[in-house]
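Visitor: I would like to learn how to read aromatic rings and DNA contacts in a model. Could you take me through them slowly?

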Protein chains: 2
Amino acid sequence: MSETSAPARFPVTVDVVALTVVNDRLNVLLITRLIEPFRGSLALPGGFVLPGEDLVGAAARELAEETGVARMPGHLEQLGSYGPGGRDPRGDVLTVAHLLLAPNFPVLAAGSDAEHAGWYPVDQALESLDLAFDHRQILVDALERAKSKIEYSPLAAVFCGEEFTVAQLRGVYEAVWGTRLDPRNFHRKATGTAGFLEDTGRMTTGDTGRPAALFRLVDAARPAPGQPTRAVLNPPLMRPRP
Amino acid sequence: MSETSAPARFPVTVDVVALTVVNDRLNVLLITRLIEPFRGSLALPGGFVLPGEDLVGAAARELAEETGVARMPGHLEQLGSYGPGGRDPRGDVLTVAHLLLAPNFPVLAAGSDAEHAGWYPVDQALESLDLAFDHRQILVDALERAKSKIEYSPLAAVFCGEEFTVAQLRGVYEAVWGTRLDPRNFHRKATGTAGFLEDTGRMTTGDTGRPAALFRLVDAARPAPGQPTRAVLNPPLMRPRP
DNA sequence: GGGCTTTATTGTCAACCTGACGATAACTAT
DNA sequence: ATAGTTATCGTCAGGTTGACAATAAAGCCC
């Protein structure tokens, strides 16, 4: 390694692409910037990494700070890093983007930072919203990751609450992939995949139509006796390709 | 964002997990450290990011510097970031790990830095070698990425040279996955997948056994007329799971 | 050359999975 | 009760996979 001269140091931020499903549409959490640069534009929630912190921890902290939500639900993972050159007019800044898949939760407008946080439909964000920095590219990459992730992992279920119906889960797949899926084939695949769904024995009530069975995600940490708990769907639930 | 106080700055490095296949075994490029910390241990090639650089560019530069190879073959992509806390005794250092999949190339011991670079079998590196920093964890993550990557992408072929036989390609899958594959079924799948292999019309000669047809990877940048070039294998070539 | 060994390639076949879609079941609304 | 709606179960043809037989085409040894 060329460690002869003193290394350059960079500010390091974490950004979070928080995705949720609202009314069968995929939404992303964005914050209106109150300061320059990109004042008035929308940006992903995020902020500077503190000394000694780890990256996912920093992302969780920033997300909590900017939404006022203490115990963030869902699944948070690292997406990828961007920079340090050519993405902030103030100079080199490295950012480590993260992906949060979460059930819909209200953004409490508690702190001053959170006053302008809100959910925006993803397609609208990509088409017509004014996004700061390279956040449009990060959002594109996050979407591709999310689309791919739910093919091979049971993580689509984290968009739902603790208990959910097969139709709600299908709605998640349809929202993330932007396609329609056959309810009967999806039901067969979802309920037939080992280590994916666990029947709670309870049913929905009050909705229109026939009541549906309520399922929960098989807890990978506490595997059912005998049954192999899979963190991976095999075979996967592949999205339709053209 | 909490941009009130001056943000902390961190040294940022890039590390590269360079993988290749030598004699049907997966190998990784490691460098003997000549300086503290971890003097005498083996480490992934890497170094500090320079101002204004982009990450993959920095990884390519460091790799070239430390191997003496000017035009690095193969496929280089970002793997993920680690740190900044708790991974370097000298203090906070953020590192962005990268993954290189490449055909076997000689490590020229040209520069002083490269004198101690060499290929090591991956299983040996994980079991018995003394790896510096958190490079063992990075190697584990890189392996998982590589195993997964060749399921869905044609990238296994970059381990081979320009032209290769189906058997050589199968050897790559076997080396990366650590499994044996049925030659007949693999041949059917590899040659039958659209947008994957392209027959050169040429054959091997001189080897033992019947001569084999030589293929090349379909160039995604220059699609064959009519045929849909796929950067993704669909359906994938799934590794056997227990 | 003739037989043997080795590797490549083509087939065969049953099990499984998928997409398309019919048929019921069990509710709510009128 | 009747209609509308959603959930769930079945059926069926076509594609894919894993296991494995059979053939092809070279080199090797005598």
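Guide: Rings of Phe, Tyr and Trp, the last taken by its six-membered ring, are counted as a pair if their centres lie within 6.5 Å. In this predicted model, ring pairs link Y173(A), W177(A) and F186(A) into a cluster.

Visitor: How many aromatic pairs are there over all chains?

Guide: The count comes to nine aromatic pairs over all chains. A pair of aromatic rings is described by the distance of the centres and the angle of the planes. For Y173(B) and W177(B), the ring centres are 4.9 Å apart and the planes stand at 65°, so this pair is edge-to-face, an angle over 60 degrees being the cut-off.

Visitor: Where do Y173(B) and W177(B) lie, and is Y173(B) buried or exposed?

Guide: Both belong to helix α4 of chain B, residues 166-177, where they are four residues apart, about one turn of the helix. Y173(B) has a relative accessible area of 0% and W177(B) one of 7%, so both are buried, the cut-off being under 20%.

Visitor: Which residues are closest to DNA strand D?

Guide: Of the 20 residues that surround DNA strand D, the closest are R184(A), A213(A), R184(B), N185(B) and R188(B). By class, this surface has 10 charged, five polar and five nonpolar residues, and its largest share, four residues, comes from α5(B).

Visitor: What does a side-chain atom of R188(B) approach on the strand?

Guide: An N or O atom in the side chain of R188(B) is 2.8 Å from a base nitrogen of DNA strand D, while for R210(B) the corresponding distance to a base nitrogen is 3.3 Å.

Notes
Residues are numbered from 1 along each chain as its sequence is written. Chains are lettered from A and ligands numbered from 1 in the order in which they are written. This is a predicted model: local features need pLDDT of at least 70, side-chain atom pairs count only at pLDDT 80 or more; totals for chains, interfaces and linings use all residues. Side-chain values use heavy atoms; hydrogens and water are left out. A residue is near a molecule or strand if one of its heavy atoms lies within 4 Å of it. A polar contact is a pair of N or O atoms within 3.5 Å; within protein, one must be able to donate a hydrogen and the other to accept it, and residues adjacent in sequence count only if both atoms are side-chain atoms. Helices (H or I, at least four residues) and strands (E, at least two) are DSSP runs, numbered from the N terminus. Ala, Val, Leu, Ile, Met, Phe, Trp, Tyr, Cys and Pro count as nonpolar, Asp, Glu, Lys and Arg as charged, and the others, Gly among them, as polar. Rings of Phe, Tyr and Trp (its six-membered ring) pair if their centres lie within 6.5 Å; planes under 30 degrees apart count as stacked, over 60 as edge-to-face and the rest as tilted. Buried means under 20% relative accessible area, exposed over 50%, partly exposed in between (1.4 Å probe, protein chains only).
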